[in-house]
Every structure is written in C-alpha cells, then in structure tokens.
Amino acid sequence: MLVAVSSIYSVPAQTPTSTYDAHKVFNPLFYNENGNEYRAATGAPGPHYWQNHADYKIDVTLDTTQHRVQGNVEISYINNSPDSLPFLWLQLDQNIYRSDSRGEATSPVTGGRFTNRSFTKGDEIKSVTLTYNGKSEKADYIVNDTRMQLRLKNALKSGGGKMQIKIEYSFSIPEYGTDRTGRLHTKNGWIYEVAQWYPRMEVYDDVLGWNTIPYMGASEFYLEYGNFDYSITAPANLVIVGSGELQNASQVLTPTQMSRLAQAKNSEKTIFIKDSSDLYSTTSYLKKPSITWHFQCKNARDVSWAASKAFMWDAARINLPSGKKALAQSVYPIESAGNDGWGRSTEYVKGCIQLYSQEWFEYTYPVATNVAGIVGGMEYPGIVFCSVRSRKGGLWNVTNHEFGHNWFPMIVGSNERKYAWMDEGFNTFINDVDTKVFNNGEYDQKQDIQRVAKFMFNPNAEPIMTTPDVLQANYLGEAAYNKPALGLTILREQILGKDRFDYAFRTYIKRWAFKHPTPWDFFHTMDNASGEDLSWFWREWFFNTWKLDQSVKGVKYVDDDVKKGALITIENLNEMALPVTALVKEESGKSDTVKLPAEIWERGGTWTFHYPSTTKITGVLLDPEHVLPDVNPANNTYTGAAQKPVPPGTTAADVINNYLKAIGGVDKLKNVTDVSMTATGTVQGIEVQMTSRKKLPGMLFQEISVPAMNMVPMHMVVNGDSVTMKQMGQNVPLPPDAKNTLKESIKIFPELDYTSKGYTMKLDSSLETVDDGLAYVITVTSPNGKVVRNYYDEKTGLKIKEVTVEAEGSSSEELSDYREVSNGVKMPYSIKADTGGQLIDFKVKDIKINSNLPNKLFM
C-alpha cells in the first residue's frame with residue numbers, strides 16, 4: 001500500500017539535562033519466550049512448523065451495466081495443524097462497504113483515505129455448501145461484519161483433514177473502495193480494479209489460533225497460501241489482466257495481439273499489445289457478446305484483477321538471476337500515456353523486479369502487471385494498482401513500492417493486520433535500496449535524517465509496534481513505513497555493515513518464504529545470522545518512542561599539550577543509543593573520521609575518547625552526513641577556530657534596514673497588502689505543490705498537495721481569530737501558542753515591524769557560516785512571544801535563512817534567487833522548506849502582489 005507524504009510537525013525543544021539510562025536500553029530481559037518445536041530460538045521455522053493450506057477455484061461474471069460481480073468460489077481447505085477445528089472463519093472484505101460496517105462506524109466524519117465514499121450491500125451470500133468425507137450439506141454459518149463463521153457438525157480433523165467449501169455470492173463494485181479496489185470512468189470507458197473479491201479463509205496459526213481481527217480499512221491482510229484457478233466472464237471488448245498467468249490467450253486475444261504478446265515475451269524493450277489506435281478499432285477484440293478469461297496463480301496468498309475497454313497494453317521480458325524469464329506488462333488509459341507518464345511503466349516494472357530478484361530473492365510469479373486506475377497504490381501477487389495520475393518519479397516510486405510488496409508480504413507472509421511495519425517498513429527499506437540503483441539513481445534523493453527526526457519523533461509519535469487500526473492517520477506513514485525502514489538502514493549502514501546485514505536479511509526471507517513469521521522470528525533471525533545481540537536496538541526503535549540526542553561536550557589535550565593528542569568528550573542526552581561518527585578537524589588542515597559503536601553507551605551517558613592530534617582541534621562534528629535522527633543537531637558541533645566578529649558599531653537595526661532596502665525599500669514594501677504564490681518541489685521524484693496566500697490585516701492560506709496521489713498533506717487557514725489546520729484531511733487541534741504563531745505568519749514583510757513596541761532584537765556577536773558565505777544572525781522575539789532567528793547575507797543584505805523556534809519546536813526555510821516581482825519589490829523564487837521532516841526545494845512558479853485577493857480564497 002502506498003503511503004501518504006508526512007504531515008508537518010516539530011519536535012520539542014531539547015534541554016541539556018540528560019534522560020539517558022543505560023540500564024533501560026541494555027536491559028538483558030528482552031526475549032521472554034524460548035524457542036519451541038514450531039518456531040526455533042534461532043528465528044527459523046521449528047522442526048514441526050505447520051500452516052494450513054487453501055486452494056481456490058473461482059468463476060465469476062462481470063456485469064458492466066450494473067458494475068457487479070457474481071459467481072462462486074470453491075475452497076479446498078487443509079487443516080495441517082495439530083488441532084481439530086470445530087469451526088472455521090472466513091473473510092468477507094466487501095462488507096466494509098456496507099453502511100453498518102464496523103469500518104464505517106470507526107471512520108472519522110472528516111473523511112480520509114480509508115473512509116467509505118458510498119455504500120454497497122457488501123458480499124451478498126446466496127448459498128454455502130460444505131463437502132467433508134464425500135458428503136455435501138448446507139453450512140451452518142453466521143456473518144459478523146467482515147467475517148463469516150462456519151459451525152461444523154463434525155470437527156475438521158488435525159494433521160491433514162480436508163474440507164471443500166462452495167459459496168455462491170455477488171457484490172457491487174464500489175466506485176471508491178478504501179483505496180484498494182474501485183472503478184474509474186475514463187473517456188473510453190470504465191476501468192475496474194477488483195480486489196477482496198471472493199470469500200477467503202482466515203489464518204489459523206500456532207500463535208493466536210484463528211486470526212479474526214475485522215477489516216476496518218487501515219489494516220491490511222493476513223492470508224493462507226494456496227493455488228488459484230479463476231475465470232472472469234465479461235464483454236468481449238474488455239482487456240482483463242490478473243494475478244498469475246493467462247491460460248487461454250488464444251481464446252480471448254486476436255491473432256495480432258497473440259503475435260505481439262509473443263514478441264514482447266522475448267523483447268528487452270517495451271512492445272505494445274494494444275496501442276492507442278486499437279482503442280477505436282473494431283478489429284481489436286473478438287466478435288462475441290462475451291468471453292471468459294482464465295488465469296492460474298500458484299503458491300500465492302491472494303489474487304486480483306482489472307478490466308477495461310479503455311486499456312492500452314504493453315509488455316517486455318523480465319530477466320531473472322536463475323535464467324528464468326517473466327513478463328512485465330502495463331495497462332492504462334490513453335490519458336495516462338506518454339514518456340512522462342505510463343509509457344515508462346513497463347520499464348519501471350521490469351527494472352524493480354530484476355533489481356529485487358538480484359538483491360534479495362527471485363521473483364516467483366510468471367507475470368508482473370501494473371494497472372492504472374482510481375486506486376492510488378495497492379499491491380497483490382503479481383499485480384499492482386497505481387494511480388492513473390502518477391507521472392515521472394511519482395510513477396517510479398509508486399510502482400517500485402507496490403511491486404516491492406511482492407516480497408513483503410506476498411513471499412514473506414507476515415500478519416499485516418497486526419504488524420503493518422513487517423511489510424510496509426521492510427518494503428520501504430528495499431525501495432530505497434532499489435531507487436539508488438535504478439537507471440543510475442535517476443530518482444534518488446538523499447534524505448537529511450536529522451530533519452526527518454523532527455516529525456518522526458514528534459510529541460504525538462507512536463511506537464512501531466502498534467496495530468495499524470490504532471495508529472493515528474497522521475502517524476501511520478512514520479510508524480508503519482518510514483521509521484522501520486530507517487531502522488533497517490541504520491542497521492545496515494551504521495551497526496552491522498552491508499555484508500552482515502544483507503546476509504541476515506536474505507536468511508530471513510529465505511527461511512520464511514511462503515510462511516508466516518512473527519516479529520520475534522525476524523528479531524531472532526537477524527541476531528543469529530548477523531552474530532550480534534540487537535535486543536537493545538529492537539527495544540528502543542520498535543517498542544518505544546525514545547529520541548536520540550548526541551552532543552559534543554568539550555575538547556581537552558593530554559597534559560595540556562596539543563602534540564600529545566586530544567581528549568574529546570561526547571554525551572548521549574536522550575533515551576536512545578546509537579553508534580557515533582565524529583568528523584575531527586585540526587588547525588594543520590588534517591581531518592579524520594572516528595567511528596564508535598553503540599556499546600560505548602553501556603558505560604553511561606558520557607564518553608571520552610582519545611584522538612591522535614598533533615595540532616589544535618578546530619572542529620568536531622557528530623553525524624557529519626546527517627544519517628542519524630538526532631533531534632537536536634545544534635549541539636553536535638564543537639568549534640575551536642576563531643569566528644569572524646560583527647564589525648564594531650553594527651546594530652541589529654542596521655542589518656534589518658539593509659535587508660529592507662535590498663528588497664525594494666520601506667515605502668514600497670508598506671504598500672503591499674496581499675501576496676499569492678504557487679511553487680513546486682519534489683520528494684523522491686513525486687511532485688509536491690505549495691500554495692500560499694496572505695492578505696492584510698488578518699488572512700492566511702497555505703496548502704501542501706501531492707497531485708499525483710490526489711492528496712493534501714497540509715491545509716491551513718487563518719481568518720481573523722479563526723485558525724484551522726488539517727493534516728491528511730484530519731483536523732489538528734492547535735494550542736493557543738501555536739495559533740498565535742500562525743497569526744504572526746500573516747505578515748508579508750515582518751521586518752517592517754521589528755522596531756515597533758514589544759519586539760526585541762539581538763544580533764549575534766559573530767557572523768555564522770551559511771553554505772559558502774557568512775551571515776548576520778538576529779534573534780527576534782515578537783510581542784506574542786514568537787521567536788525567530790534570521791540569517792542575512794553579509795554581502796547582499798538579503799535574508800537567506802529563517803528558523804522559527806516555538807514551544808513545540810522549530811522549523812526552517814532557506815531563501816535564495818531573489819527576483820523583482822513588481823515595482824522594485826523583490827521576493828525569493830527558491831524556498832527550501834522544512835516540511836514534515838523533508839527538506840523540499842520549492843521553485844516558485846508565480847508570485848503576485850496587490851492583486852486584490854477575494855476573501856473567499858481564505859476558506
């Protein structure tokens with residue numbers, strides 16, 4: 001499932017008082033249970049590990065006039081457990097779309113990604129028949145929300161007992177199905193993306209017995225493995241694609257399409273099976289009222305499919321490490337075609353499948369299909385649904401992410417309904433590894449993890465080890481996706497090293513391929529295969545919301561002699577312990593990097609190490625590459641070199657006056673009463689738009705949106721005393737001081753008021769280095785208590801950086817590329833904004849001043 005872009009938040013200001021406790025971090029009592037015959041202490045499946053098995057034969061008809069699916073499913077269920085089963089549980093996921101579903105009852109009234117936008121009758125069950133020991137009978141069953149219980153007259157025997165379950169059913173396809181299924185109207189017809197479309201078995205395992213948590217939207221799925229044989233009958237002018245492999249191509253494709261498909265299976269480059277001209281040709285489909293498409297998918301936990309007469313269809317060969325071949329293919333409407341859009345989809349599918357197969361475990365399905373439709377991003381075995389609006393890097397990222405799920409949880413079958421991080425987090429991690437390599441890093445963007453820390457460890461942060469239905473919408477992306485992915489990256493790059501990590505991670509995948517691991521199986525495997533007791537890391541990263549704050553306390557010299565070496569003292573001021581990387585610079589120009597393991601913090605929160613310097617230490621910088629989530633990087637630096645002082649007689653007022661003069665002069669700036677701006681940036685290739693409006697004396701509108709994902713991570717409006725903020729469509733309650741800070745933001749040129757009553761300004765005594773230049777630094781406190789640190793370029797006088805410090809924390813903007821907007825007034829056209837832990841480089845597309853903005857735009 002595709003994650004939303006993070007919301008905006010800040011981490012609380014840090015205090016110098018240490019909260020670190022080595023006894024908490026390195027407590028030896030982490031693993032509370034011993035290994036057993038089902039799950040070994042090494043993290044491997046035990047000698048008597050078992051899991052149940054379910055094969056499916058499904059036959060349905062798609063009614064495109066009523067948007068309905070009708071048919072039957074025959075389930076062949078095998079009870080491999082040591083327990084006899086007096087009842088069975090099945091999943092009826094379509095019931096979430098009923099108006100009386102538990103998912104609907106627990107959805108916020110403000111809406112959201114997983115909220116119903118219309119209702120159906122759910123799964124309409126016509127009949128349920130059981131066949132056991134050669135005898136068939138009607139089932140005794142109940143339906144409770146998204147679950148069905150079959151109450152058996154005779155318990156299903158342990159150790160291989162078999163039962164056949166046949167269910168006749170139907171359902172209406174919702175237009176928007178919690179962003180996992182649905183239908184989209186295009187100019188050439190409806191696109192159907194059909195998922196959770198048949199009654200299916202709940203998992204019975206050695207951990208919980210029956211896993212019966214209802215489907216409520218945010219949490220995904222936990223499914224048994226088996227073989228699927230399924231057929232869809234539909235109008236003949238539709239193209240249908242599905243999980244697994246088409247079994248009757250000659251019966252549903254034209255001779256031309258058969259020839260093109262054969263060519264694609266042997267082609268490194270993308271070949272059209274159905275191109276734009278075929279959309280309007282009556283020879284592009286068989287002359288029958290309807291045809292039946294027959295698919296098979298082996299050793300899978302689920303299947304899904306898509307259908308449309310609007311589909312263009314292209315494909316190319318996938319080359320797997322073993323020498324086997326598979327087929328990459330894409331279907332999409334003509335509106336999405338083109339090299340900046342879905343014209344590169346098959347290239348992306350082929351690229352990510354080949355890279356994952358080389359790095360981790362070979363792809364196991366014969367076909368990999370990418371479908372453009374209403375679903376923003378959702379994964380199924382061998383087929384994924386991605387937004388019809390995705391373009392460029394956005395399409396690469398969603399394609400790469402959804403196909404990464406074919407490893408987690410399609411191959412490694414974890415319980416998504418309880419542990420979202422075991423598929424979303426692991427998948428996000430391998431996505432990042434993949435993106436660095438694909439097409440020489442075409443869409444790779446290095447993250448500043450210190451900036452990410454501001455949101456990842458915000459005051460409302462929740463532990464990774466939280467069920468997805470409990471995780472709040474604003475933090476799901478962090479706890480399920482980003483934080484576990486970052487944890488694996490830190491393990492790989494800072495703690496274990498790539499060789500040991502990769503070996504252990506591959507061991508985990510190989511051990512648990514097509515099985516059901518728990519978090520403890522993962523932890524044990526990584527410990528054992530890497531040869532490292534990582535219990536301290538699992539505790540702090542996955543079970544808690546502890547923060548990291550490393551600092552440089554000071555530098556001394558052995559016997560006060562710089563030639564005998566330096567004694568550098570560092571501190572761990574918050575609850576989390578991680579390795580230390582210190583960049584040390586000497587007056588001689590020599591520099592070196594010192595790496596220290598996390599175990600130094602077993603000795604307490606302060607550590608002194610010897611550095612073999614021969615001249616004075618001019619600087620010590622912790623985490624120079626910004627790869628750790630340090631919530632207070634301001635104390636990561638020690639400077640022993642002399643700083644350039646502010647010229648004598650220079651005041652804060654002088655610096656402010658020079659800035660106002662540089663951007664147009666006081667008189668012209670005072671005449672500006674409204675301003676509107678639109679700007680765009682990218683996050684890992686996905687376009688992000690920022691819209692900002694200000695109107696004096698008291699109106700502000702600001703919105704961050706992601707058009708390709710139809711998503712608004714942040715929406716904020718100030719209109720007089722009314723202040724509202726939404727993150728991911730959810731209202732965010734704001735404390736009074738936060739509201740006052742937002743009201744302060746209405747000022748178009750706040751420096752015009754700095755000399756007014758109630759403001760204080762303090763000019764730092766030394767200039768500070770910003771990028772390659774020097775800047776004056778002024779700390780300004782407003783009458784409402786808002787504190788801002790502004791940086792003004794020594795040479796140009798322009799403001800190049802602004803850091804807002806609040807009770808909740810801080811945020812920053814870097815400003816450059818000043819241009820004249822109108823009548824001599826200059827504004828920055830490049831804004832690097834700290835947004836939700838991401839430093840987004842926004843490029844301004846348009847700025848208007850004094851355009852008489854109507855009040856209705858501030859809604």
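Helix α8 spans residues 449-456 and is mostly covered: eight of its eight residues are buried. The buried set runs through Ile-449, Gln-450, Arg-451, Val-452, Ala-453, Lys-454, Phe-455 and Met-456. Charged side chains are on that list, including Arg-451 and Lys-454. Asp-448 caps the N-terminal end of the helix. One of its side-chain oxygens lies 3.1 Å from the backbone nitrogen of Gln-450. This is a predicted model.

**The chain as a whole**

The secondary structure comes to 15 helices and 46 strands. The radius of gyration is 30 Å, and the globule rule gives 29 Å for 859 residues, so the chain is as compact as a globular protein of that length. Along the principal axes, the C-alpha atoms fill a box of roughly 100 × 65 × 50 Å. Of the 859 residues, 58% count as buried. The chain exposes about 34400 Å², and carbon and sulfur atoms supply 49% of that area. Take the contacts with a separation of 6 or more: residues 24 or more positions apart account for 68% of them.

**Nonpolar cores**

The largest nonpolar core holds 195 residues. Leu-88, Trp-197, Trp-305, Phe-505 and Phe-522 touch the most other members. Helix α9, residues 476-495, gives the most to this core, with ten residues. Another core lies apart from it, with 52 residues. Among them are Met-714, Val-723, Tyr-829 and Ile-849.

Trp-197 shows what surrounds one of these core residues. Leaving aside neighbours within four places in sequence, Trp-197 is in contact with Ile-58, Val-60, Gln-94, Tyr-169, Phe-171, Tyr-230, Val-303, Ser-304 and Trp-305. Trp-305 is also on the list of residues that touch the most other core members.

**Cysteines**

A search of the whole structure finds zero disulfides. A disulfide is a covalent bond between the sulfur atoms of two cysteines. Why is there no bond between Cys-352 and Cys-386? The sulfur of Cys-352 has its closest cysteine sulfur in Cys-386, but the distance is 9.4 Å, too far for a bond. A disulfide would need the two sulfur atoms within 2.5 Å. The search from Cys-386 leads back to Cys-352, again at 9.4 Å. Cys-352 is buried, with a relative accessible area of 0%. Cys-386 is buried too, also at 0%.

**Two further sites**

Asn-635 is found in the loop between β31 (617-622) and β32 (637-639). Is this loop residue buried or exposed? Asn-635 counts as buried, because its relative accessibility is 18% and the cut-off is under 20%. Its side chain joins that of Asp-549 through a polar contact of 3.2 Å. Not counting residues up to four places away in sequence, Asn-635 touches Asp-549, Gln-550, Ser-551, Val-552 and Leu-573.

Ala-262 is found in helix α4, residues 255-264. Ala-262 is partly exposed, with a relative accessible area of 41%. Ala-262 and Ala-316 are 54 residues apart in sequence. In space, their C-alpha atoms are 9.9 Å apart.

The table collects the accessibility values.

| Residue | Relative accessible area | Class |
|---|---|---|
| Cys-352 | 0% | buried |
| Cys-386 | 0% | buried |
| Asn-635 | 18% | buried |
| Ala-262 | 41% | partly exposed |

Notes. Residues numbered from 1 in each chain as written. Predicted model: local features only at pLDDT ≥ 70, side-chain atom pairs only at ≥ 80, totals over all residues. Heavy atoms only, no water. Helix = DSSP H or I, 4+ residues; strand = E, 2+ residues; numbered from the N terminus. Buried < 20%, exposed > 50% of the residue type's maximum accessible area, 1.4 Å probe, protein only. Polar contact = N/O pair within 3.5 Å; in protein donor to acceptor, adjacent residues only side chain to side chain. Contact = heavy atoms within 4.5 Å. Core = buried A, V, L, I, M, F, W, Y, C linked by side-chain atoms within 4.5 Å. Rg over C-alpha atoms; globule rule 2.2 N^0.38 Å. Areas by Shrake-Rupley, 256 points an atom, 1.4 Å probe, with all protein chains shown as cover.
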